[in-house]
Amino acid sequence: MRKPIIAGNWKMHKVRDEALEFVYLVSQHVPPIEEVDTVICAQAVLLRSLVKRQGDNLRIGAQNMFYEDKGAYTGEVSPVTLEDAGVKYVIIGHSERRQYFHETDEDVNKKVHAALRHDLIPIICVGERLEERENNLTNQVVERQTVLALKGLTQEQVKNIVIAYEPIWAIGTGRTATAEMANETCGFIRSVIAREYGQEVADEVRIQYGGSVNPDNIKELMAQEHIDGCLIGGASLDPYAFIKMANYKKL
């Protein structure tokens, strides 16, 4: 059985006091880590403070990192720094990074390798634009992104990564892929991994869905065969909503 993973991506929201208040509250009410991996991905300047206060059942993740350990890369965050801060997860290849900061599939692959070198679990985002969905290119897009993101990894490394299927047209728009649509694409991603790395590996990889997930739709999404978790944007900013989503089995 794949352990569910519910992750919140705060993006560029919350100052320190707001973030600490959230973590103090939420860490008391999320499920035991033996049952569900519950993660909050925050801005880099908040990470150390949040790691110190994450509690037993909550883990802190970063939203991005560079692929070099050190050097003249002004403004970037080193994987060494994340490891030293006690961060457990890092989002890689989010569509906003690809769109606004022109990250390529090759950049994503370099970051995945760097994350694994430093014992960080990468949450690798893949997903299609609306026009690609309308032109029946969804599978082609997510296959390319998945294959290139995992290029050069061993079977054991692939088992430990997380893939987040986030259709770009559903992020922050209020539009959500139906549970069946999301499951179909997550299943396709799993079939790509099976082809590249074997069925045993594919059966262990956790695949999340992300895109306007909220307390009203998370239970149906999580009931799908190939959806092992959710990567949640706006709804993760509200601690009470996040607690509900982390405890989706009780909804």
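Me: Let's agree on one term before we start: two residues are in contact when they have heavy atoms within 4.5 Å of each other. Leaving aside neighbours within four places in sequence, which residues is Glu132 in contact with?

Reply: Happy to start there, and please keep in mind that this is a predicted model. Glu132 is found in helix H6, which spans residues 130-134. Once neighbours within four places in sequence are set aside, the contacts of Glu132 are Leu137, Thr138 and Val141.

Me: Is Glu132 buried or exposed?

Reply: The cut-off for buried is under 20% relative accessible area. Glu132 has 13% relative accessibility, so this residue counts as buried.

Me: Let's step back to the whole chain. How many helices and strands does the chain have?

Reply: Helices here need at least four residues and strands at least two. On that basis, the chain has twelve helices and eight strands.

Me: And what is the radius of gyration of the chain?

Reply: For 251 residues the globule rule gives 18 Å. The value for this chain is close to that, so the chain is as compact as a globular protein of that length. Along the principal axes, its C-alpha atoms fill a box of roughly 50 × 45 × 35 Å. The radius of gyration itself is 17 Å.

Me: Among contacts between residues at least 6 apart in sequence, what percentage join residues at least 24 apart?

Reply: As background, 56% of the 251 residues in the chain are buried. Of the contacts between residues at least 6 apart in sequence, the share joining residues at least 24 apart is 73%.

Me: What part of the accessible surface belongs to carbon and sulfur atoms?

Reply: The accessible surface of the chain comes to about 11,600 Å². The part belonging to carbon and sulfur atoms is 48%.

Me: How far apart are the mean positions of the positive and negative charges of the chain?

Reply: The chain has 29 positive and 36 negative charges. The mean positions of these two sets are separated by 3 Å.

Me: Now the cysteines. How many disulfides does the count come to?

Reply: The cut-off for a disulfide is a pair of cysteine sulfur atoms within 2.5 Å. For Cys125, the closest cysteine sulfur is in Cys41 at 9.1 Å, which is too far for a bond. Cys230 is in no disulfide either, with the nearest cysteine sulfur, that of Cys186, 8.9 Å away. The count of disulfides comes to zero.

Me: What is the relative accessibility of Cys230?

Reply: Cys125 makes a helpful companion here, as it counts as buried at 2% relative accessibility. Cys230 also counts as buried, and its relative accessibility is 0%.

Me: Which residues is Trp10 in contact with, leaving aside its neighbours within four places in sequence?

Reply: Trp10 is found in the loop between E1 and H1, and at 0% relative accessibility this residue counts as buried. Its C-alpha atom is separated by 8.5 Å from that of Gln63, 53 residues apart along the chain. Gln63 is also one of the contacts of Trp10. The full set is Ala19, Phe22, Val23, Ile40, Cys41, Ala42, Leu50, Gln63, Ser236 and Leu237.

Me: Which residues does Leu237 touch, not counting residues up to four places away in sequence?

Reply: Leu237 sits in the loop between strand E8 (229-232) and helix H12 (239-246). With a relative accessible area of 23%, Leu237 is partly exposed. Not counting residues up to four places away in sequence, Leu237 touches Trp10, His13, Lys14 and Phe22.

Me: What is the phi of Ser212 near?

Reply: Ser212 lies in the loop between strand E7 (206-209) and helix H11 (218-222), and with a relative accessible area of 19% this residue is buried. Lys11, in the loop between strand E1 (5-9) and helix H1 (16-26), has a positive phi of about 55° although it is not a glycine. Ser212 is likewise a residue other than glycine with a positive phi, near 60°.

Me: One last residue. Which residues is Glu220 in contact with, leaving aside its neighbours within four places in sequence?

Reply: Glu220 belongs to helix H11 and is partly exposed, with a relative accessible area of 47%. Its C-alpha atom is separated by 30 Å from that of Leu20, 200 residues apart along the chain. Leaving aside neighbours within four places in sequence, the contacts of Glu220 are Ala179 and Glu180.

Definitions and conventions:
Residues numbered from 1 in each chain as written. Predicted model: local features only at pLDDT ≥ 70, side-chain atom pairs only at ≥ 80, totals over all residues. Heavy atoms only, no water. Buried < 20%, exposed > 50% of the residue type's maximum accessible area, 1.4 Å probe, protein only. Rg over C-alpha atoms; globule rule 2.2 N^0.38 Å. Areas by Shrake-Rupley, 256 points an atom, 1.4 Å probe, with all protein chains shown as cover. Lys, Arg positive; Asp, Glu negative; His and termini not counted. Charge placed at Lys NZ, Arg CZ, Asp CG, Glu CD.
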